[in-house]
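Colleague: Could you walk me through one part of this structure up close? I'm new to this, so please explain the terms as you go.

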Amino acid sequence: MIEKLTLDINGEQWVATVRMADTLLDVLREKLDLTGAKRGCENGDCGSCTVLADGLPVKSCMMLAVDAIGKKLTTIEGLQDTPMQHAFVEKWAFQCGYCTSGFIMNAHALVNQHPDATDEIMEEWLSSNICRCTSYQEIREAVKSVLKEQRFDRKRPRNRR
Amino acid sequence: MLHFNFDYYRPSSIDEAVELFDKLDQDGKKPIYLSGGTEITTLGRLNQVFTKAVIDVKGIPECNVLDYKQDSVVVVGAALTLTQVWESKILPLLGEACVRIGDRTSRNQITLGGNLASEIIYREAVLPLLLSNSTFVVAGIEGIRQLSVHKIFKEKLRLKRGEFLVQIKVDGKYRKMPFYIEKKRKSERVDYPLITLEALKVDRSIRLAISGLCAFPFRSYEMEKELNNTDISIEERIDRAILRIPAPVISDIRGSREYRIFVLRNTLLDALIYLGGVRA
Ligand SMILES: Cc1cc2nc3c(=O)[nH]c(=O)nc-3n(C[C@H](O)[C@H](O)[C@H](O)COP(=O)(O)OP(=O)(O)OC[C@H]3O[C@@H](n4cnc5c(N)ncnc54)[C@H](O)[C@@H]3O)c2cc1C
Ligand code: FES
Ligand code: FES
């Protein structure tokens, strides 16, 4: 079965002709030229293919594209200029960069879902991704800096009119 | 990338699903049910799974139920993700087993039904369901069956051709009972288990279920009997329980047979102390 699918990605509608057995990763990279999600292990282990489905991280190598219909998808291309992208640059949270988009997706979802994430919650979430260059310490620092910034913003008194 | 293609169906009712299966089966399509889809995509890539048609059960309302009313039965739909089961806190005994499976992102995709029906030997979510004498609700072309876990889960889920798992039911009394769970991995934070042991205290006796020790998850009444024999020392009870392990102990890259038994011995001790099964 080959079908035309419409996917909601980064707030836009994308149409692709796909095989029903194509994974979301296949379609993003090969059909839509959204190559930010990386092909790593294709076994659910490394997290380099992570994207968000309705705000939650999923590994796109083990999700059928057809299963993503109706979900609001976010890929790394949709996170330009976000605090997490900046934090990764500022903290040098990468070396070769292959794992980076997957980590940023996961970390972005983490700070949205758990603005008060403890170290334990952060470790639980981040352990879904692998960095072969072992930038783990810098990645933690990047995530913590965004959490701290968010907390500061929340505490700042709002102007009353 | 999967090297084969298939047709995809997403029925919205139980009847539609089982009728579809029946028809596709007769047409020689070798249909399989799909839930989280993580095993079909990963094993499919390695050509360890093959089908010409998948039937996604996630659109069936009964498979998405999460329900508990005071003093009644907890109902958990088979298509709920492990994250959903854990976050619901509906049945801590089950939630704590789910949160130890895989990693956080994978748990957003892996479903309870998928884990129980998995080809991969661990099927850790069954441990609390064995301990709580749960009921499995399964649907097939002949209708709905409700079976004790002990009848339908023997080493693995034993469904008739064309049947799928709809829900799990657990008596609400198990929500508050004391339990102990420990997943020991080789070294990483995320991995399949060296052993996962879950123990439940019901009145004064302890129930025990284990995954990763043998080639299938199990609850052992023989081991429980030895552990609950309070006439002898705790070390003796554990020694005797170990003699009752129901099948050969796995020896693989995660750990040798001897190491697994060593880990089991220590974990049993921790479990007995935690649950107060030890005489002062
Ligand atoms: C990264 C990763 C880590 C993992 N770690 C662990 C672990 O630590 N412990 C562990 O126990 N397992 C682990 N697993 C294995 C995982 O639990 C199984 O592969 C599980 O089958 C995946 O569930 P799913 O919902 O994605 O299944 P699917 O891919 O949808 O289906 C898997 C199998 O179950 C059948 N099935 C699905 N739903 C039903 C249903 N409702 N009724 C009947 N049959 C059904 C399908 O036909 C198929 O044969 C891990 C898997 C991954 C990818
Ligand atoms: S490529 Fe998807 S988890 Fe590694
Ligand atoms: S920066 Fe190279 S794999 Fe993470």
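Modeller: Let's look at where the two domains of chain A meet. Keep in mind that this is a predicted model, where local features need pLDDT of at least 70 and side-chain atom pairs count only at pLDDT 80 or more, while totals for chains, interfaces and linings use all residues. Residues are numbered from 1 along each chain as its sequence is written, chains are lettered from A and ligands numbered from 1 in the order in which they are written, and side-chain values use heavy atoms, with hydrogens and water left out.

Chain A is split into domain 1 (2-77) and domain 2 (83-155), with bounds that come from an automatic or database domain assignment. Their C-alpha centres sit 22 Å apart. On the domain 1 side, 18 residues are in contact with 13 residues of domain 2 (contact means heavy atoms within 4.5 Å).

Together the two domains bury about 1200 Å², with 66% of that on carbon and sulfur atoms; buried area is the accessible area (1.4 Å probe) that two parts lose on being put together, summed over both. Thr50(A), Leu52(A) and Ile76(A) supply 33% of what domain 1 buries here, more than any other three residues.

What about charges? The rule finds 0 salt bridges across this interface (a side-chain nitrogen of Lys or Arg within 4 Å of a carboxyl oxygen of Asp or Glu). Strand 3 (50-53) and strand 4 (56-59) of chain A each give at least two residues to the domain 1 side; strands are DSSP runs (E, at least two residues), numbered from the N terminus.

Terms used: Helices (H or I, at least four residues) and strands (E, at least two) are DSSP runs, numbered from the N terminus.
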